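Let's take a look at the pockets in this structure. Have the sequence and the 3D view ready as you read on.

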Amino acid sequence: MGYGIRVLVQGPRACFTRPEMKAERVSYDVITPSAARGILEAVYWKPAIVWKIDRIEVLNKIKFDTFRRNEVESKLSYQVAKKGMTTGSPISISSTEKRQQRAMLYLRDVAYVIDAHFELTPKAGEADTREKHYNIALRRLRKGQCFNQPVLGCREFPAKVTLVEAAEQTPRGFYADEPEKDLGFMLYDLDFSAEESPVPHFYRAVMRKGVIDVAAASKKVVW
């Protein structure tokens with residue numbers, strides 16, 4: 001176990017898209033471990049460390065809403081982008097010709113307390129001590145600094161990230177009195193061992209008194 005931190009993540013909207021929904025965006029009930037990791041990486045990331053999510057506490061009631069938005073129906077392929085970089089030919093997609101309206105089922109008024117820790121990777125050098133990276137992460141969280149804007153699933157849904165200090169008490173969650181709520185199988189993370197075809201891993205998310213024990217559930221990850 002590496003050095004651990006606790007953060008409060010909030011936002012008016014969030015969408016953690018279910019991969020099985022192909023045409024429309026439909027969010028999971030709560031944040032996924034991979035999305036939580038992405039938020040921490042937006043605050044502080046180095047090749048020498050990797051963030052691990054231990055625990056997710058759901059503070060607010062799970063509420064869904066929907067709206068329609070414009071999206072493009074296709075995306076640039078790697079081959080087209082590579083050809084454009086080598087030949088100098090234009091790289092673009094016509095948003096007018098490729099535009100589609102799609103519905104989104106998203107979450108409203110979300111708030112999570114995320115417990116996480118980091119571990120050193122094989123890329124860590126002699127100067128990459130746990131104390132060094134831990135103190136840098138704490139300093140950045142206290143100052144509100146980030147490399148990229150943390151988001152709640154989609155780029156247009158920014159997240160507010162606040163460090164929860166050791167002596168601070170977090171708000172009582174809406175599900176604190178609910179013994180158990182099974183949220184079904186959710187995306188745990190993607191395995192990028194094969195960069196061109198990442199493999200999704202799923203886990204059974206069970207919320208007990210508003211808390212998902214991600215560390216325990218990760219031991220039963222399925223492919």
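The second largest pocket holds about 370 Å³ of space. Of its 13 lining residues, Arg37, Val50, Asp189, Leu190 and Phe192 are the closest to its centre. The elements that give two or more residues to this lining are α1, β3 (49–58) and β9.

This is a predicted model, where local features need pLDDT of at least 70, side-chain atom pairs count only at pLDDT 80 or more, and totals for chains, interfaces and linings use all residues. Residues are numbered from 1 along each chain as its sequence is written, and side-chain values use heavy atoms, with hydrogens and water left out.

A pocket here is an open set of points on a 1 Å grid over the protein atoms alone, where a 1.4 Å probe fits, with protein on both sides within 12 Å along at least five of seven lines; lining residues have an atom within 4 Å of a point.

Now for the largest pocket, with a volume of about 560 Å³. It is lined by 24 residues, and Thr32, Ser34, Ala35, Gly153 and Leu187 lie nearest its centre. Two or more lining residues come from each of α1 (33–43), β7 (154–158) and β9 (181–191), with α1 giving the most, 6 residues.

Here are the linings by class:

| Pocket | Nonpolar | Polar | Charged |
|---|---|---|---|
| Largest pocket | 12 residues | 7 residues | 5 residues |
| Second largest pocket | 7 residues | 1 residue | 5 residues |

Back to α1: 9 of its 11 residues are buried (under 20% relative accessible area, 1.4 Å probe, protein chains only), so α1 is largely enclosed by the rest of the structure. Among the buried ones are Ser34, Ala35 and Arg37.

Conventions: Points joined across faces, edges and corners; volume = space filled by probe spheres on them. Helix = DSSP H or I, 4+ residues; strand = E, 2+ residues; numbered from the N terminus. Nonpolar A, V, L, I, M, F, W, Y, C, P; charged D, E, K, R; others polar. Buried < 20%, exposed > 50% of the residue type's maximum accessible area, 1.4 Å probe, protein only.
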